[in-house]
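Visitor: Hey, I've got a protein model to look at and I'm new to this. Could you walk me through it?
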Amino acid sequence: MKNSSCFIIILFFFGMISCQQNSQDISFHKSHEPQKAEMPFSDVVEANGFLFLAGQVGMDHSTRTLVKGGIENETRQCIENIKAVLLQHNSSLDRVVKCTVILRDINDFSAFNKVYQTYFPNKPARTTFAASGLAVGAQIEIDVIAAK
């Protein structure tokens with residue numbers, strides 16, 4: 001009887017530790033940009049050694065406007081924004097394992113891909129599709145998952 005009571009107490013103790021660790025494995029990070037502090041999403045969620053970034057568009061964050069010059073310039077700015085967020089969390093583009101790319105016009109695929117290749121020589125897994133109505137009138141949005 002005494003052994004079974006000890007076993008139950010030990011099992012309960014380890015169960016509590018296990019539950020506590022699971023709830024602490026996920027961190028919802030606030031944006032490093034003051035203008036985005038009140039947005040209803042996190043720029044980055046960290047879980048189990050991975051960083052899940054919210055989508056980025058080709059916005060110059062110093063002016064809060066989309067960059068001019070078409071899909072190539074927007075793609076470049078979009079990836080530079082991703083790079084900045086990763087840097088804030090001690091990661092980098094070479095740690096990206098998955099990209100999701102949304103183009104406003106699938107006919108921009110070649111122009112986008114030309115710029116994209118220069119930033120991702122490791123060739124992370126990728127999904128690309130087209131959709132109308134991207135945020136702030138953007139031509140492209142990219143989100144990534146990166147290893148910490």
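Guide: Sure, let's begin at one loop: asparagine 48 sits in the loop between S2 and S3. Keep in mind that this is a predicted model.

Visitor: Okay, is asparagine 48 buried or exposed?
Guide: Asparagine 48 is exposed, with a relative accessible area of 61%. The cut-off for calling a residue exposed is over 50%.

Visitor: What's its phi?
Guide: Phi of asparagine 48 is near 50°, which is a positive value in a residue other than glycine. Most residues other than glycine have a negative phi.

Visitor: And what are S2 and S3 doing on either side of that loop?
Guide: They form a hairpin with two residues between the strands. S2 covers residues 44–47 and S3 covers residues 50–53; the two run antiparallel and are joined by four bridges. As an example of who faces whom, glutamate 46 in S2 stands opposite leucine 51 in S3.

Visitor: Which residues of S2 are buried, and on which sides?
Guide: Val44 and Glu46 are buried on one side, and Val45 and Ala47 are buried on the other, so both faces of S2 are covered. As background, side chains in a regular strand alternate between the two faces of the sheet.

Visitor: Let me zoom out a bit. How many helices and strands are there?
Guide: The chain has three helices and nine strands. Follow the sequence and the pattern reads α-β-β-β-β-β-β-α-β-α-β-β.

Visitor: How much of the chain is buried?
Guide: Buried residues make up 34% of the 148 residues. The accessible surface comes to about 9100 Å², and 58% of that belongs to carbon and sulfur atoms.

Visitor: What about contacts along the chain?
Guide: Take the contacts with a separation of 6 or more: residues 24 or more positions apart account for 68% of them.

Visitor: Now the later part of the chain. How do S7 and S8 pair?
Guide: S7 (residues 96–103) and S8 (residues 125–130) pair in the parallel sense, over six bridges. One of the partnerships is leucine 103 with alanine 130 in S8.

Visitor: Where does helix H3 come in?
Guide: H3 covers residues 109–119, and together with S7 and S8 it makes a right-handed β-α-β unit.

Visitor: Which residues of H3 are buried?
Guide: Phe112, Asn113, Val115, Tyr116 and Tyr119 are the buried ones. Their cover includes helix H2 (71–88), S7, S8 and strand S9 (140–147).

Visitor: I see some rings there. How many aromatic pairs does the whole structure have?
Guide: A search of the whole structure finds three. Take phenylalanine 112 and tyrosine 116: their ring centres are 5.4 Å apart and their planes are at 50°, so the pair is tilted.

Visitor: Why tilted, and not stacked or edge-to-face?
Guide: Because stacked needs planes under 30 degrees apart and edge-to-face needs over 60, and the planes of this pair are at 50°.

Visitor: How far apart are phenylalanine 112 and tyrosine 116 along the helix?
Guide: They are four residues apart in H3, which means a separation of about one helical turn. Both are buried.

Visitor: Which residues make up the ring cluster?
Guide: Ring pairs link Phe109, Phe112, Tyr116 and Phe120 into a cluster. There's a charged neighbour too: arginine 126 lies over the face of tyrosine 116, at 4.5 Å from the ring centre.

Visitor: Is serine 110 buried or exposed?
Guide: Serine 110, which is in H3, is exposed, with a relative accessible area of 58%. Serine 110 and glutamate 72 are 38 residues apart in sequence, and their C-alpha atoms are 9.7 Å apart in space.

Visitor: Back to S7. What's threonine 100 touching?
Guide: Leaving aside neighbours within four places in sequence, threonine 100 is in contact with Thr127, Phe129, Glu141, Ile142 and Asp143. Threonine 100 lies in S7 and counts as buried, at 18% relative accessibility. The cut-off for buried is under 20%.

Visitor: Last one: what's going on at lysine 123?
Guide: Lysine 123 is in the loop between H3 and S8. Its phi is near 55°, a positive value in a residue other than glycine, and lysine 123 is exposed, with a relative accessible area of 72%.

How values were computed
Residues numbered from 1 in each chain as written. Predicted model: local features only at pLDDT ≥ 70, side-chain atom pairs only at ≥ 80, totals over all residues. Heavy atoms only, no water. Pairing = 2+ DSSP bridges. Right-handed = clockwise from strand over helix to strand, strands pointing away. Buried < 20%, exposed > 50% of the residue type's maximum accessible area, 1.4 Å probe, protein only. Contact = heavy atoms within 4.5 Å. Areas by Shrake-Rupley, 256 points an atom, 1.4 Å probe, with all protein chains shown as cover. Phe/Tyr/Trp six-rings, centres within 6.5 Å; stacked < 30°, edge-to-face > 60°. Lys NZ or Arg CZ within 6 Å of the ring centre and 35° of its normal.
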